[in-house]
Every structure is written in structure tokens, then in C-alpha cells.
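Visitor: I should like to understand the reasoning behind the labels attached to this model. Please set each value against its criterion.

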Amino acid sequence: MRRKKSVLDTLSAAEKGELLDHLLAARPDLREQVEAYAVGRMSAEDRDAVAVDVESALRGLDIDELNGRAGYRPGAGYVDPGEAADEILDEALQPFLDDLARRGELGMRPAAVELAVGVLLGLYRCRDGGAESLLEYTPDYAAERASDVVDRCGKLGVQLPVGDLFDLMPAWSAILRRAPGA
């Protein structure tokens with residue numbers, strides 16, 4: 001019997017990662033080429049795409065998630081809806097912050113800058129919260145996290161294009177003035 005579909009195409013990301021590890025162990029001569037592909041992948045970032053992804057991640061959260069986290073919780077006491085919303089939103093934002101840290105720690109400054117600007121733009125688009133979203137329960141979320149991103153960039157040695165950001169995010173000029181190089 002002949003397979004119509006590639007088994008490789010059906011593997012999960014984790015399975016593909018494991019397969020790559022095995023391949024590189026069996027064929028160390030491929031490591032340099034794979035490393036070059038990895039550098040290329042990690043070196044490129046599109047701030048507009050990141051902004052869309054951040055905004056979607058934060059606005060796309062179901063408000064019903066608060067039901068499982070806010071209010072009285074046995075053993076935990078009362079959890080404020082704003083506090084619960086912060087936690088849920090932070091979980092959605094964390095992968096972007098982890099990616100920023102990875103690129104900054106690898107010294108991929110241009111990609112880290114583009115990623116950071118994209119995160120800031122996404123947060124800026126969420127600054128007004130909006131009805132029927134978790135952001136309405138925590139109105140200062142976007143500005144507070146933007147401040148955290150600026151601080152992270154400083155710790156990572158990632159210099160933000162502050163002049164451009166003032167034009168893109170005029171309402172956050174006070175936050176942006178704290179950026180390295182401002």
C-alpha cells in the first residue's frame with residue numbers, strides 16, 4: 001500500500017524538534033547549515049505582524065475565562081476580577097516577551113528591536129480596552145506592560161527607536177522617555 005501523505009508533514013512541532021535533534025546527532029556535518037537557517041529565522045521580524053499578533057492575543061481572550069479565576073476561591077480567598085484578568089492577559093503576552101528575551105540574549109539586536117516595537121504597538125492598540133474583553137477589567141494593563149517592555153529592553157541592551165515611537169505612540173511619551181537612548 002502506498003502512502004498518499006508525507007509522514008513528516010503530519011508530525012507535531014515537538015516531534016519535528018526531536019527528529020531534528022536525532023538527525024543532527026547522526027549527521028553533525030549538518031549542524032553548521034542548520035545553525036545558519038536558525039540564525040536567518042531568528043534574525044528577521046516584522047513589527048506590524050507582531051503588533052497584529054499581540055493585539056489579537058490580548059483582545060481574543062474569552063471574557064468567560066474570568067469565571068474560573070475571579071471571585072471566591074477555596075484555599076485562595078477572594079481574587080479580584082482585575083487581578084485575574086491581569087494574570088490571563090500576562091499568560092497571552094508571555095510568549096512574545098520570551099521571544100524578545102531570546103533574541104536579545106542571542107545578540108540579535110535588530111530583530112529584538114523590531115519585536116519590541118511590535119509588542120509595544122500591539123499593546124498601544126489595546127490601550128483603550130474595550131467592552132466585552134478582559135482589557136475592560138484592567139484599564140491600565142497596556143500602559144503598565146509597555147513600561148515593563150521598555151524596562152526589559154534596557155536590561156537586554158536593546159535600544160528602541162524612540163523618535164519613531166513618539167510618532168507612533170504619542171499618548172505614551174512619558175513611558176517612552178524612559179527607554180534607553182531617549
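Guide: We may begin with burial: a residue is called buried when its relative accessible area is under 20%, and exposed when that area is over 50%, with partly exposed in between. Please note that the model is predicted.

Visitor: Why is Cys126 called buried?

Guide: The relative accessibility of Cys126 is 2%. The limit for burial is under 20%, so Cys126 counts as buried.

Visitor: How do you know how many disulfides the structure holds?

Guide: The count is zero. A disulfide requires two cysteine sulfur atoms within 2.5 Å. For Cys126, the nearest cysteine sulfur is that of Cys153, and it is 18 Å away. Seen from the other side, the closest cysteine sulfur to that of Cys153 belongs to Cys126, and because the separation is 18 Å, it is too far for a bond. Cys153 is itself buried, since its relative accessible area is 0%.

Visitor: What makes Asp167 exposed or buried?

Guide: Asp167, which lies in helix α8, has a relative accessible area of 65%. The threshold for exposed is over 50%, and therefore Asp167 is exposed. Its C-alpha is 24 Å from that of Leu93, with the two positions 74 residues apart in sequence numbering.

Visitor: Which label does Leu23 receive, and why?

Guide: Leu23 is placed in helix α2. Its relative accessible area is 41%; as this falls between the limits of 20% and 50%, Leu23 is called partly exposed. Leu23 and Asp53 are 30 residues apart in sequence, and their C-alpha atoms are 32 Å apart.

Visitor: How do you know whether the length of helix α2 agrees with expectation?

Guide: Helix α2 covers residues 13–26, which makes 14 residues, and at 1.5 Å a residue these should span 20 Å. The end C-alpha atoms are 20 Å apart, so the two values agree. As to its surroundings, α2 is hardly covered, for one of its 14 residues is buried.

Visitor: What makes α6 an enclosed helix?

Guide: Of the 17 residues of α6, 13 are buried, and therefore the helix is largely enclosed by the rest of the structure. Helix α6 runs through residues 109–125 and reaches 24 Å from its first C-alpha to its last, close to the expected 24 Å.

Visitor: Which residues have the most contacts inside the largest nonpolar core?

Guide: They are Leu58, Leu93, Leu123 and Leu160, in a core of 47 residues. Helices α4 (47–59), α5 (81–105), α6, α7 (141–156), α8 (162–168) and α9 (173–176) each supply at least two residues of this core. The largest share, 10 residues, comes from α6. Leu58 touches Leu89, Ala92, Leu93, Leu123, Cys126, Leu135 and Tyr141, when residues up to four places away in sequence are not counted.

Visitor: Why is Leu135 called buried?

Guide: Leu135 has a relative accessible area of 2%, and the limit is under 20%; it is therefore buried. Leu135 is found in the loop between α6 and α7. Beyond its neighbours within four places in sequence, its contacts include Leu58, Arg59, Leu89 and Cys126. Leu135 and Glu55 are 80 residues apart in sequence and 11 Å apart in space, C-alpha to C-alpha.

Visitor: What makes Arg47 buried or exposed?

Guide: Arg47, in helix α4, has a relative accessibility of 19%. The criterion is under 20%, and so Arg47 counts as buried.

Visitor: Which side chain makes a polar contact with the side chain of Arg47?

Guide: It is that of Glu114, at 2.8 Å. A polar contact requires N or O atoms within 3.5 Å, and the value of 2.8 Å is accepted as such a contact. Arg47 also touches Val117, Gly118, Leu121, Pro161 and Leu168.

Visitor: Why is the pair of Tyr124 and Trp172 given its particular geometric label?

Guide: The ring centres are 5.0 Å apart and the planes stand at 90°. Pairing requires centres within 6.5 Å, and edge-to-face requires planes over 60 degrees apart; the pair is therefore edge-to-face. The count of aromatic pairs is one. Tyr124 lies in helix α6 and Trp172 in the loop between α8 and α9, so the pair ties together parts 48 residues apart in sequence. Both residues count as buried, Tyr124 at 9% relative accessibility and Trp172 at 6%.

Conventions: Residues are numbered from 1 along each chain as its sequence is written. This is a predicted model: local features need pLDDT of at least 70, side-chain atom pairs count only at pLDDT 80 or more; totals for chains, interfaces and linings use all residues. Side-chain values use heavy atoms; hydrogens and water are left out. Buried means under 20% relative accessible area, exposed over 50%, partly exposed in between (1.4 Å probe, protein chains only). Helices (H or I, at least four residues) and strands (E, at least two) are DSSP runs, numbered from the N terminus. The expected span of a helix is 1.5 Å times one less than its number of residues. A nonpolar core is a set of buried Ala, Val, Leu, Ile, Met, Phe, Trp, Tyr and Cys residues joined through side-chain atoms within 4.5 Å. Contact means heavy atoms within 4.5 Å. A polar contact is a pair of N or O atoms within 3.5 Å; within protein, one must be able to donate a hydrogen and the other to accept it, and residues adjacent in sequence count only if both atoms are side-chain atoms. Rings of Phe, Tyr and Trp (its six-membered ring) pair if their centres lie within 6.5 Å; planes under 30 degrees apart count as stacked, over 60 as edge-to-face and the rest as tilted.
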